[in-house]
Every structure is written in structure tokens, then in C-alpha cells.
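Me: I would like to learn how to read burial and ligand contacts from a model. Can we work through one case?

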Amino acid sequence: MITVLDYGAGNVRSVINAIETLGYDVKVVSHAHDIESADKLVFPGVGSFGSMMRILNEKKLVEPLRKYLLANRSFLGICLGMQALFGKSEESPNIEGLGIFPGQSRRFDIPSAVPHIGWNGIHIKQKSSLFNNLTGEENVYFVHSFYVDTEDPSVILTSTDYDIEFVSAVQKGNVMGTQFHPEKSGKVGLTILKNFLADATPPAEIVTRSTKTDLTKRIIACLDVRANDHGDLIVTKGDQYDVREEGDVRNMGKPVELAQQYYEDGADEITFLNITGFRDFPLEDMPMIEVLKQTSKKVFVPLTIGGGIRDFTDKDGKQYTALDVASEYFRSGADKISIGSDAVTIAEEYIKSGQKTGESAIEIISEVYGNQAVVISVDPRRVYVMTKDEVPHHVLATENKGPNGENYCWYQCTIKGGREGKDMDAVTLAKTCEELGAGEILLNCIDKDGTNSGFNLELINTVRNAVSIPVIASSGAGKVEHFSEVFAKTKAESALAAGIFHRKEVPIQAVKDHLKGKVPIRS
Ligand code: 1PR
């Protein structure tokens, strides 16, 4: 029996699913005595350092945890669960951690994008059983803005390079912690978890890599999901957001099956977009939640879900907040949520008032679950203009001349799946949402969607250069060369595609094979 400490803040379901997949039963801590009686305790920390410690204090779990750890009993802290082992964090300066190891968590202050999101490698520094059956060259999944800075080098189990070399796992005796997420690191992560759960014997030699580690470029498979006219939830795919073909919603397959297939094929992440979420409220439309639950039992890479994350009042007058929707998504297995339409409204209000209210969905969800959990889905459409100052927006010189010979254009944000254009450009939306606490931008392009003609490089460059959070390039992938092109010509951290994967024109592995040797990639 494995005990999992869930303080109710995020996606603990993935950890439980991973442990159960490995054949173990799970008991979730509900009282202090569950910690005392645990044989093995797994602590997946999610959210912010301050809210984690506040909840642990409220639930009177801090002292039992400290006692457990000081007795050198079997423990694995994941992400924030590892950072909790230290005394404090710059994330919440006035809040004390567990203080088992000396040191504190610091915010990355580096030129590269923060959060550090994606697959990176590790340098192993101790003979730890955690890495049995691995070569030391593997990549594991990270998502964090803070890293631990310890005063005791003997606790460092692994380090990772991301502009600086930072501590990515710690171990002292039976107390271990990983900054990365084994439960989201595919088969490698399951091996690491299994080594912990099975009390594997430490190796005689340390296996380690000779070269620096690199954050790899992520390849993301996207599944646009909606009900068809018979009410079945299906994966669909549009051409410039039009998902109907001869009147019917195009049916590309079943959501859970396709997601599992893309996981097996090597996708670094899976994104579900509930594309009618703007009209079908997700907490009434429970099949999407069920899709997520089923997928997270089988897919051990990060899952993002978007669609319908907004405040809502149902026909009986019951009110739901965007945080309620996001929380349900996280509880059901999502690692990140993506906000589309509502982000534009939030940005408009913030720009108008110049005041952060702390109450918008972006601010609240990033406060509770961390910035890295909040993705903004931008759905822009190109609008041509004759001159640079014809409109009060970010206008760019375009290589694709307009129908009347226009040399300039701006990218207009839309809501409701492209149905409504707004008086805001994509750069302004991305920058404003970053300011409000978003951790990543999913940059679609309606003009490119489904065209197979390549990513919109000028749009991606303009947005990526305007923000310091990671950008996912999306829309237009038609062949493997489009992926090498987007990574060579823009600073996008990842590339997302849908149609070519659904139509089986290009397997994910072919994209990876093509990129190998050109950019860092997870094999
Ligand atoms: O507005 O918060 O409820 O979120 C709705 C979400 O649904 C948004 O993220 C929005 O992008 C998405 N969405 C709404 N309508 C559509 C549609 O297609 N009719 N899909 C839609 C967006 C675009 C991409 C697509 C890429 C790659 N899908 O995600 O997967 O363009 O496609 P390709 O590789 O085939 O070119 P809210």
C-alpha cells in the first residue's frame, strides 16, 4: 500500500494513476495518523509554496510530516513536494517550509523562458536506486519557476542545465525528492516511480551523462473535441476553424483512444480543446471530464485542457466560477488548463481599468495552481492594412501581400472559436495575459489552421519576442520540414499539430526523427 499526500490543490490523480498502473494500491492521507502509519509516502506538491504550506498547517499535517521525515522513513516528494523539504521559498517569503534540508527555493532569473516547461535531462550525482535500468541520457518532464538552492551539497541527487545548473532531485537516506514529474515522464518516469516503490537496490556505479542537458523542443498533439449532431463526443478538425464537411461535423476518432495512441507514438504533451465550451458549459457537459479521467489513466505525459473556463450561472441560478471549472479539470487529470475567449475579455477589462483586481480567472487560477498551469489560447486572424499606423494595434510588415497589395497586417484576436473578432491584437493579448499571471501561450492562427502550409512564422516571432513565457506554435503543420523550420526561424518552445496526426499523414515519430540532430528533442 502506497500512501499519497493530497492536500486538494491540483492534479494528484496522475500520480495515483501512475502508482496504480504499476500494480500498487493507493491510500490517500486524510488524517495525521495516515502519515504515521504509512510504509511509503508520496507527496506530489501542486500550486504555490505558500498555499501548500498554509493548507498543510490548517490540516495539522506539518508536524506529523516532519516527524516522518526526521525518522528517515521512505518518502518521495514531487515538484513542490520536494521544495517543501527546505526551509523557505522566494515564492512565499514569509512562509516556513518543512526545513528538513538546509536551503531555499529561488525564482529562476535567467534569459530563457520561465517557467521551465518541458523535457530536460539529468546529471546523476549519487548511487541511487531511483535510476536503476536507465542509461542516464533520458529526459524527464519539468514544469516550474523555482528551483532549490541547497547549502548541503550531499543531498543533491541530480542536477539539470537550464542557463544555470540547478538541483533537479535530492536524496538523503530514504527521503527523496524530484523537481521533475515522474508521473508525467512517460515510460522513463514510470521506471523511476517503480524503482522507488519496489525498494530497488542501489547500483554499484553512478550512470551519468557527459554532455550538458538541454530543454528539448516539445511536439504536442492537439485534439479538438466536441459533440457531433448525434450527441457523441468526437475528435474533430477544422479548416480555418470550420469543422463541418457536407453539413456534418468532421469525425477524426475517439478522444481517449487517439490520445493514448499519440502518447504511445511519442507525443511530448497532449492538448484537448473542448471547442464548443463557450456555449456548452463543461460542468454540465460532463463527458469531457470523463474523457480526461479516462485519458489520465493511460497517458503519462502532460495533459492540457481548454474550453469553457469561465464564470457561469446555470438555469437553476447556481453559480460556478472559472476556478471551479479549472479545479474540476485538474482533479480529473489535467496538468494545465487553457483559457481562450475569457482571456480576451479579461485583458480588455485590465487594459481599460489599468488595475489588477486579483479576481480574474487568470489571476485566481495561477495564484492557486501556479502560473505554469495557466495557458492562454490565442485565436487570431490576419487583417491587412495599407500603412503601419492605420490602426492602433501591433502592425507588422508581412511577406504575404494582401489581396489589394497591402504590405502590412495585424493579427486580430477572436473569441467563441473565431466567430467574433475583437478590437485587440495577438501581441497585446499575450503580453497582458503574461502580466496577469499566465504561464504559456498557445498561439493558433485561423488563417493557417488546417492548411498544411506551414506555421505562421511572422506571427510566432512577433508574439514570442514580446513575452518571456514559453510559446506553443500552432496551426498549419503539413510536413516534417515545417517543424524544423519553426524551430530554426522562431524561438517557439514547442510546436503543436492536429490534422497531419489525425489523418495519419505524418507520424509523430517521423517528426522526431527529422528533428534529431537539428534541435534538442526527446527520443
Ligand atoms: O474559448 O476558452 O472556450 O476555448 C475554446 C478553445 O477551443 C480555444 O482554445 C480555441 O482555440 C478552440 N477552438 C474553438 N473553435 C475551434 C475550431 O476549430 N472551430 N479549435 C477551436 C482550435 C485550433 C488548434 C488546431 C491547430 C492545429 N483549434 O488547436 O489544433 O490549428 O491544426 P492543424 O495542425 O490541423 O493546422 P474557450
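Me: Is Ser185 buried or exposed, and why?

Reply: Burial is judged from relative accessible area, with under 20% counted as buried. In this predicted model, Ser185 has a relative accessibility of 1%, so Ser185 counts as buried.

Me: Where is Ser185 found?

Reply: Ser185 belongs to the loop that runs between strand 13 (175–178) and helix 6 (186–197).

Me: Which residues does Ser185 touch, not counting those up to four places away in sequence?

Reply: With those sequence neighbours set aside, Ser185 touches Trp119, Val140, Tyr141 and Phe300. As for polar partners, a polar atom of the Ser185 side chain lies 2.6 Å from the backbone oxygen of His181.

Me: How many residues surround the ligand, and which are the closest?

Reply: The shell holds 26 residues, and the closest are Lys237, Ser341, Asp379, Asp449 and Ser475. Strand 14 (218–227) and strand 30 (494–497) each contribute at least two residues to this shell.

Me: What polar contacts does the ligand have with Ser377, Asn444 and Ala498?

Reply: A polar contact is a pair of N or O atoms within 3.5 Å. In the side chain of Ser377, an N or O atom is 2.6 Å from an oxygen atom of the ligand. For the side chain of Asn444, the corresponding distance to a ligand oxygen atom is 3.4 Å. With Ala498 the partner is a polar backbone atom, 2.9 Å from an oxygen atom of the ligand. The ligand on its own has 770 Å² of accessible area, and the protein covers 99% of that.

Me: Which pocket does the ligand sit in?

Reply: The ligand occupies the largest pocket.

Conventions
Residues are numbered from 1 along each chain as its sequence is written. This is a predicted model: local features need pLDDT of at least 70, side-chain atom pairs count only at pLDDT 80 or more; totals for chains, interfaces and linings use all residues. Side-chain values use heavy atoms; hydrogens and water are left out. Helices (H or I, at least four residues) and strands (E, at least two) are DSSP runs, numbered from the N terminus. Buried means under 20% relative accessible area, exposed over 50%, partly exposed in between (1.4 Å probe, protein chains only). Contact means heavy atoms within 4.5 Å. A polar contact is a pair of N or O atoms within 3.5 Å; within protein, one must be able to donate a hydrogen and the other to accept it, and residues adjacent in sequence count only if both atoms are side-chain atoms. A residue is near a molecule or strand if one of its heavy atoms lies within 4 Å of it. Accessible areas come from the Shrake-Rupley method with a 1.4 Å probe; for residues, only the protein chains shown count as cover. On a 1 Å grid over the protein atoms alone, a cavity is a set of points where a 1.4 Å probe fits but cannot get out, and a pocket is an open set with protein on both sides within 12 Å along at least five of seven lines; lining residues have an atom within 4 Å of a point. A molecule sits in a cavity or pocket if more than half of its atoms lie within 2 Å of its grid points.
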